Amino acid sequence: MAHSPPRSGRPPIQQLQTVADLLETPALARLYAHILQHGPVTVSEIVDALDIPQGTAYDYVQNLETAGLVEKSRNQRPYEYDAESIALTLSTDGETQTITPALIAAVARRDEHEDIDVYIERHGLDGLAVALKYAYEYVDGTVNHRIVARELDLSPLEAEIILQSLEPVATEYADAAA
């Protein structure tokens, strides 16, 4: 099952490939997360904030716009872009996972935070999504790293490392998760 807000008017299946690209390409995920957090923004502002090549920024914005995940909020140059919040729920074999802006923001940090990259290598994106859910509770103080370690069958050290790595994302997106 896939579900996404209809603001873009694009069916979720048309957005699916771009969402998959967001999960596979940390730089694209960073760009999307930046537009969502700071939009409306121009491509020039994105280039300055993220320190990515201008051509890459234009290509990424175009791809996201084509998929309906980003839209022009100003139709005069310089164009300004705003992002649509993603909520894409996938179900297979009784397992359900929702791709959220927070998950994309966590993936966006993969290049800069080796601990997130290592965690994804060991536990996959589904594992990261589950760890992110516990990171919200960790930020709220309702769980500690030992409880998360037990629940996720991790060593206490690995649980502490991933929770600390995801803490900024959980803090930024706490309102969206509530």
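Which residue forms a salt bridge with arginine 122? Glutamate 158 does, with the closest N and O atoms 3.3 Å apart, and the last of the views below returns to this pair. The model is a predicted one, in which local features need pLDDT of at least 70 and side-chain atom pairs count only at pLDDT 80 or more, while totals for chains, interfaces and linings use all residues. Residues are numbered from 1 along each chain as its sequence is written, and side-chain values use heavy atoms, with hydrogens and water left out.

**View 1. Helices H2 and H4 in contact.** The axes of H2 (residues 26-38) and H4 (residues 54-66) come within 10 Å and cross at roughly 70°, the axes being lines fitted to C-alpha atoms over the stretch in contact, with angles from 0 to 180 degrees between N-to-C directions. The crossing therefore makes H2 roughly perpendicular to H4, a term that covers angles of 65 to 115 degrees. Ala27, Leu28, Leu31, Tyr32 and Ile35 of H2 meet Ala57, Tyr60, Val61 and Leu64 of H4, where contact means heavy atoms within 4.5 Å. By class, this contact has nine nonpolar, no polar and no charged residues. Helices and strands are DSSP runs, of at least four residues (H or I) and at least two (E) respectively, numbered from the N terminus.

**View 2. The hairpin of strands E1 and E2.** Strand E1 (residues 70-74) pairs with E2 in the antiparallel sense over four bridges, pairing requiring at least two bridges found by DSSP, and five residues lie between the two strands of this hairpin. Arginine 74 stands opposite glutamate 80 in E2. Along E2 (residues 80-83) the side chains alternate, so that Tyr81 and Ala83 point to one face and are buried, whereas Glu80 and Asp82 point to the other and are not (buried means under 20% relative accessible area, exposed over 50%, and partly exposed in between, with a 1.4 Å probe and protein chains only).

**View 3. Salt bridges around arginine 110 and arginine 122.** The whole structure holds seven salt bridges, each a side-chain nitrogen of Lys or Arg within 4 Å of a carboxyl oxygen of Asp or Glu. Arg110, Asp117 and Glu121 are linked in a network, in which arginine 110 meets aspartate 117 at 2.5 Å, N to O, and glutamate 121 at 2.8 Å. Arginine 110 is buried at 16% relative accessible area, aspartate 117 is partly exposed at 25%, and glutamate 121 is exposed at 58%. In the other pair, glutamate 158 is buried at 16%, while arginine 122 is exposed at 58%.

Key: Angles under 35 degrees count as roughly parallel, over 145 as roughly antiparallel, 65 to 115 as roughly perpendicular and the rest as oblique. Ala, Val, Leu, Ile, Met, Phe, Trp, Tyr, Cys and Pro count as nonpolar, Asp, Glu, Lys and Arg as charged, and the others, Gly among them, as polar.
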